[in-house]
Amino acid sequence: MRLGRSLLLTSRRLTALASPHSSSSSYPSGHFFTRPSLFLGALSPTVKQIPSLQRLHANAATSVSTSMDQNGDSRAKRKQPPTPSNERPTKQIKPEGDGHTRNGTYAPASPDVQLMESTPAGGLESSLDDLPSAHIAGALHDTVEWQKTIEKVVRNVVSIHFCQTCSFDTDPAVSSEATGFVVDAEKGYILTNRHVVGAGPFIGYCIFDNHEECDVHPVYRDPVHDFGILRFDPKAIKYMPLSSLVLRPDLAKVGVEIRVVGNDAGEKLSILSGVISRLDRNAPEYGEGYSDFNTNYIQAAAAASGGSSGSPVVDKHGYAVALQAGGRSDGASTDYFLPLDRPLRALDLIRNGEPVSRGTIQVQWILKPFDECRRLGLSPDWEKAIRTEFPKETGMLVAEVVLPKGPASEMIEEGDLLVKVNGELVTQFIRLDSILDDSVGQTVSLMIQRAGENIDVQVDVADLHAITPDRFVRAAGASFHDLSYQQARLYAISLKDAGVYVCEAAGSFRFADGYTSGWLVQEVDNKPTPNLDAFIEVMRAIPDRKRVVIVYKHLRDLHTANTSITTVDRHWHETMQLAKRNDTTGLWDFTPIAQAIPAVPPVPRKANFIRLESKYPEAVDIVRSFVRVHVSMPTKIDGFPKANKQGYGLVVDAEQGLVLVSRALLPYDLCDISLIIADSIFTDAKVVFMHPLQNYAIVKYDTSLVRAPVKTPKFSEDFIRKGQETIFFGLNQNFRPVVAQTVVTDITTVAIPASAVTPRYRATNFDAITVDTTQASHSACGVLIAEDGTVQALWLSYLGERTSHSGKDVEYHLGLATPMILPVLKEIQSGRTPKLRILNVEFQTVQMSQARVMGVSEEWIEKTEQEDPERHQLFMVRKVDSGHEGGLQEGDVLLTLNGKLITRAPDLDIMYNHDALEAVVVRKRAETTLNIPTVPTEDLETDRVVNFCGATLHRPHQAVRQQISRIHSDVYISSRARGSPAYQFNLAPTNFITHVNNVRTPDLDAFLEEVKKIGDNEYFRLKVITFDNVPWVATIKKNEHYFPTMEYVKDASAPLGWRKIIHECDETGVREETAPAEMDAEGTHEGLDATQSGESE
């Protein structure tokens, strides 16, 4: 028999209102949620397919079908990142793109359900690495000759484990694996893919065939072609002789049998066979993001998959003839290899200590067969000349994209056929590349054919490295750099004065559409920002907390200029830092370039509220009590899914400036709170009180700055009753006021479902009110009010569970009777901070039939019926919080507290002012009297946060204690940053750290003491216990350069209410925490219309 009438348990009608397909509901769903076992997630999660090109990330691969081009249909082979897709319609994408994927980097990390995700019980990497080296088995039917070749090759192949530590250019922050191979054993050079090395900050290590490990750092990443060079210290490899593979691009020929030797699909070593079938394939397009171009690719069938990026493609003599880069996984098993001509040139120059010159005229060329060239205007004479000169050629180079305002923009047009360069017939990318690379800063002569007409042009060759960003700025919580050639080429836009590119849209520059990259900021504070230098100068001059207008576009929609208002944060993010790539050390050096300018003191402002025409004039005058609330959180703690929230609050005391706000909007006080009064006056506010159970917080603003007729509502001291007529006044999804006469349909004790994958604050042990109007389900804030203007109940948003099918967070809209808040409000009005005490248990209701079965006597049943004629119910203990020592047990039926019969949730409020309560309960059919201590609530809120190796740590917050039976440690992982050591080594949110290097760390003090003993870039051991009590041991490498050890400590005397302490960091490293993995797609900005400013749920 199911127990109780609680909304969480029963009522199909109520459950139906909480549709799982919507992100907000009027009721919790109708059943309990139990926490599923944590496990290593699927390697290829399903992602949303889009009709054109799919952005392919560095650690992922799922099949996506795209348009066909001259090379045929293709499907993605790189695994898609373990996050829900949130694509907006793709625009400005060429219809001929193919959706091939780089054989990308296999990532054994468990998938995030946005932020909180499953935890492995040991890690795939360690289990594989424990295996002894075995005899190398080649591909099926390999000859003895191939066996010997493979045995020599595998000694040169390494597995690369790496992090791209932050979003940069086309690449998001990522932790993953790939392959590389030694090309110079004496100097320690490894060749791999450019999409592995990445354009931005990189940390990584490689593992050789004998399981020796050493660090690697980038010395070169090509601006265009998909290759990069890493360096390691040869002296670090002590137990095997080092050798290298010889690069022989000239041996790549059609019909040559090859082997791909690499880290395929996460396996330490896999050997795949194939035969080269084409040498003249255009470079595959990987969608939005990095793609190679201006080169031909080699095609073969080898069936490589995720993790094989950077594998050597060898012939039977053991020469490297190509570099594995991408392929298809639609059953054709087709793979694409990069020719080694340009990697060989770059390697030779680097060996000699010379710079790798790269030239460009900012034109993308593609190979087109002669039949298409004839349609474009190729004359018979030139076709004959070219076929005579190059009898094996079947096509020519044709201009595909010419960047506006580039060196060739006035001379070359799309569709032009390239005939000669410097008087030499050119039909191959390799020769064109060679000429341009040797002509940087010079002029080249091109002869092109346009519609049959010969045209000679002189074009200046620019430096390709100069238009490839090698620096970025961190300001106001976001990161910016100049627009790259990669992005400009993809969208065919000019590199000149395009605006500054937002590579990580966070902090003050987290835009309303929710995309974390792809934005071009063109104006800040009414000043143009055409490039990074201009942007730096504009930002230097903006004082802290100034509200500025920004104009920006997204690369996907360059037709639309967006305008928003944002508050510049220079207090949580005080220092502007410039990061510059250092190819000698392989690190990015961070330099402070500007300190914060103090905020300008606010001045009083005058405003008037809107007036609403209604037949309930006194009721609608409550509009003067509503203020808009913006909450911005600099770091994510307590499992809360968003970095920014906006909504409305109710002024409860206009004289003192007290505003009541839902805790779905304001989950914790490590934040900035901004109010907009009368849709006109901005003012900041501070948290005064946060209720531990009833889902509201009270904040305070400076009334001397507000000259507006803000109204203090009159609150009813009597509970509103079921069936009573009332007026609903609320603010809907567009933040517009709505009014409706309605009736109270139900008042019942509800249980907001716990979020299984991400424990966060939820209301418990309260009576919720529902009304008969659809306006209420669409309004996150409002009141139930009588015709005379007396507020009878507050209408609040309650954060609920995260749905498994969509990854969305459910919010419930319910009423809370005003008598529930009045005692707390009166105490705050008198100048005291309420110090409540609570029973740390969760109750649910049981009906008399169930109570009788559980052993409640007929006498108590009769008393209950007499005490509460409307609701014949008692309360049963559903869940006891971890740490509860009061003697209550799950299944106890509560009869009285301090002699008072408990039949309604408000009766439980007796606990607030007592250190202990005398309780009469029925346990296992026996009546028992207990003395139950209450717990203080001041200790329930998080007051200390540590950022370490990209993980955010704090004491387990109240939601964790509610859901778990035992707290293993006071070092709880709340979130982690992508691309961090915490992410790379699978330190998952909801885990507890109990030991560091076998030393017990029961709290944050002990943890910090131990980790400070660990040197930078050293491995150490962590003993970890999952939420489901599964212990495991993690090894992790410390990185202080990109992930300093920092701490926020609550301090009432500090200007922000929190002190920031930097415990460990590198002298030229980052000085602030890296944003944790995102969980939402919500913006922060105040849009210029209601739709733009709303949450994008």
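These questions and answers walk through selected parts of a predicted model.

The model is predicted, so local features need pLDDT of at least 70 and side-chain atom pairs count only at pLDDT 80 or more, while totals for chains, interfaces and linings use all residues. Residues are numbered from 1 along each chain as its sequence is written, and side-chain values use heavy atoms, with hydrogens and water left out.

Me: In what order do the 6 strands of the barrel close?
Reply: Strands here (E, at least two residues) and helices (H or I, at least four) are DSSP runs, numbered from the N terminus. Two strands pair if DSSP finds at least two bridges between them. Pairing in this barrel is antiparallel. The order is E5-E6-E7-E10-E9-E8.

Me: By how many degrees are neighbouring strands of this sheet turned against each other on average?
Reply: Axes are lines fitted to C-alpha atoms, for helices over the stretch in contact, and angles run from 0 to 180 degrees between N-to-C directions. For this average, direction is ignored. The value is 40 degrees.

Me: Which residue in E6 stands opposite Ile 160?
Reply: E5 (residues 157-164) and E6 (residues 174-184) are antiparallel partners over 8 bridges. Opposite Ile 160 stands Ala 178.

Me: Which helix packs on the sheet, touching E6, E7, E9 and E10?
Reply: Contact means heavy atoms within 4.5 Å. The helix spans residues 341-351, and its direction makes about 160 degrees with that of E7. It is H5.

Me: Which residue of E26 is the bridge partner of Val 473?
Reply: E25 (residues 471-475) and E26 pair antiparallel over 3 bridges. They form a hairpin with 2 residues between them, and Ala 476 in the turn has a positive phi of about 55 degrees. The partner of Val 473 is Phe 480.

Me: Why is strand E26 largely enclosed?
Reply: Buried means under 20% relative accessible area, exposed over 50%, partly exposed in between (1.4 Å probe, protein chains only). E26 covers residues 478-482. It is largely enclosed by the rest of the structure because its buried residues number 4 of the 5.

Me: Which side chain makes a polar contact of 3.0 Å with that of Arg 871?
Reply: A polar contact is a pair of N or O atoms within 3.5 Å; within protein, one must be able to donate a hydrogen and the other to accept it, and residues adjacent in sequence count only if both atoms are side-chain atoms. Arg 871 lies in the loop between H15 (858-867) and E51 (873-880). At 7% relative accessibility, it counts as buried. The partner is Asp 767.
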